[in-house]
Amino acid sequence: MGERLRVLMVSKACVVGAYQKKLEELARAPDIALTVVVPPAWREAGHNQPLERAHTAGYELIVEPLAFNGHHHLHFYPLVHRQFRRVRPHVVHIDEEPYNLVTFHLLWLSRLAGARTLFFTWQNLARRYPPPFSLMERYVLARADAAIAGTREAALVLRSKGYRGPLEVIPQFGVDPDLFCPAKQPASAPSGRPFTVGYAGRLVEQKGVLVLVEAFARAAGQLPAGTVWRLALAGSGPLDQAIQRRAQELGISYLVELVRHIPSTAMPDFLRSLDVLVLPSLTRPNWKEQFGRVLIEAMACGVPVLGSASGEIPHIIGDAGMTFPEGDVALLAERLLWLYRHPDERRRMAERGRARVLAEYTHTRVAAHTLALYRRLGASERLQRRG
């Protein structure tokens with residue numbers, strides 16, 4: 001075998017331990033030497049996510065200090081140039097949006113080093129940014145050697161902004177089907193435990209959590225006396241107090257459990273405690289659901305899913321779950337009651353969801369598509385070098 005393809009990935013997302021499984025899958029390729037740069041932590045929405053070293057076999061995980069931590073558009077790694085000198089990468093994978101300072105900086109360093117580059121985007125709205133971000137975006141779109149879009153809508157947005165280079169649609173991360181796997185006990189049993197409706201994610205207005213609280217209260221009010229239901233909300237955010245107040249006003253606060261933070265490696269246990277996972281996202285002028293990762297995690301765990309029609313949600317669910325119009329409290333309540341009353345259909349949905357994840361959304365599948373892109377870029381880099 002000739003020289004291995006040296007890939008340098010820079011990704012703040014990979015501070016999350018569960019996401020590092022994709023890195024191990026990439027590193028299994030015998031022709032790839034992978035180095036991944038991450039910050040010591042990433043701050044977002046008042047939550048500090050420290051680096052979790054959960055899956056680190058086969059590749060090099062390097063921690064570099066981060067400037068402007070918590071600022072998506074402005075953060076960058078002031079000392080990352082030393083990794084370019086040390087690694088001498090053939091391919092640089094910039095796991096960031098094209099309009100961010102970190103992407104501009106890394107692309108500039110990559111060009112100085114003679115490395116091929118690719119960036120990642122989730123952006124599924126054709127948003128226009130003021131200078132200097134618009135100028136940085138224009139620079140990146142004109143000079144990057146390839147791009148990865150997390151969804152088909154994101155790919156269309158990228159093309160609408162003038163990007164003409166190679167473009168692949170690949171989710172940023174998959175799931176580990178051995179970690180996110182069904183419970184040994186079927187979701188419909190034991191009969192004595194509460195029927196549990198769940199949500200996991202940020203507690204912010206656009207995620208529609210208050211819609212879920214209203215629908216849960218409406219559904220619970222139509223149940224026979226003595227029926228035990230539970231609403232489990234995992235996450236944190238500015239709606240925390242509003243959710244508690246609304247639950248109290250609706251008379252269901254004793255049925256609602258708020259779980260402030262769950263480590264990524266413990267998320268499968270939370271999901272397996274649910275009978276149905278709901279993602280009730282609401283499209284807003286500056287946002288719509290870009291993927292809904294918790295959907296594929298729940299599906300992998302054999303948990304039926306319900307999602308609104310926002311953004312990518314219907315495509316992710318496919319025939320493996322149910323959807324409802326955004327903000328439709330009445331229909332969401334009906335769907336919850338229907339699933340409660342039809343345990344056989346819940347089991348069938350769980351089976352379809354697991355099968356869909358295994359076919360499309362595992363780390364192995366995501367890594368295979370990403371490796372193919374690395375190799376194409378590496379081949380072009382070597383051709384240019386020989387020329």
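Trainee: Over the face of which ring does K12 lie, and at what distance from the ring centre?
Mentor: The model is a predicted one, and the position of K12 can be read from it. The ring belongs to W42, and K12 lies over its face. The distance from the ring centre is 5.1 Å.

Trainee: Which side chain meets that of K12 in a salt bridge?
Mentor: Side chains of opposite charge can pair when their charged atoms come close. For K12 the distance from N to O is 2.8 Å, and the cut-off for a salt bridge is 4 Å. The partner is E96.

Trainee: Why does the pair of E96 and K12 tie together separate parts of the chain, and how many residues apart are they?
Mentor: E96 lies in the loop between β6 and α3, whereas K12 lies in the loop between β1 and α1. Both E96 and K12 are buried. Because they sit in these two loops, the pair ties together parts whose separation in sequence is 84 residues.

Trainee: By how much of a helix are E24 and K21 separated?
Mentor: Their side chains meet in a salt bridge, at 3.6 Å from N to O. E24 is buried at 13% relative accessibility, and K21 is buried with a relative accessible area of 16%. Since the two are 3 residues apart in helix α1, they are separated by about one helical turn.

Trainee: Is R82 buried or partly exposed?
Mentor: R82, in helix α2, forms a salt bridge with E64, in the loop between β5 and α2. E64 counts as buried, at 1% relative accessibility. The relative accessible area of R82 is 36%, and buried means under 20%. R82 is therefore partly exposed.

Trainee: Which residues are linked with R246 in a network of salt bridges?
Mentor: The count of salt bridges in this model comes to 24. Among the residues involved, R246 belongs to a network with two glutamates. These are E214 and E249.

Trainee: What are the edge strands of the open sheet?
Mentor: The sheet has 7 strands with parallel pairing, in the order β5-β2-β1-β6-β7-β8-β9. From one strand to the next, the twist averages 20°. An edge strand here pairs on one side only, and this describes β5 and β9.

Trainee: Which residue in β5 stands opposite T35?
Mentor: Strand β2 covers residues 32-38 and pairs with β5 in the parallel sense over 4 bridges. Across from T35 stands a residue of β5, namely E60.

Trainee: At about what angle to β9 does helix α5 run?
Mentor: Helix α5 comprises residues 152-160. The helix lies across β7, β8 and β9. Its angle to β9 is about 160°.

Trainee: Why is the pair of F216 and W229 described by the angle of its planes as it is?
Mentor: A pair of aromatic rings is described by the distance of the centres and the angle of the planes. The ring centres of F216 and W229 are 5.6 Å apart. F216 belongs to helix α6 and W229 to strand β11, 13 residues apart, and both are buried. Because their planes stand at 45°, the pair is tilted.

Trainee: Which residues form one aromatic cluster with F120?
Mentor: The count of aromatic pairs comes to 12, including the tilted pair of F68 and F76. F120 belongs to a cluster with three partners. They are W122, F291 and Y361.

Methods. Residues numbered from 1 in each chain as written. Predicted model: local features only at pLDDT ≥ 70, side-chain atom pairs only at ≥ 80, totals over all residues. Heavy atoms only, no water. Pairing = 2+ DSSP bridges. Axes fitted to C-alpha atoms, helices over the stretch in contact; angles between N-to-C directions. Contact = heavy atoms within 4.5 Å. Phe/Tyr/Trp six-rings, centres within 6.5 Å; stacked < 30°, edge-to-face > 60°. Buried < 20%, exposed > 50% of the residue type's maximum accessible area, 1.4 Å probe, protein only. Lys NZ or Arg CZ within 6 Å of the ring centre and 35° of its normal.
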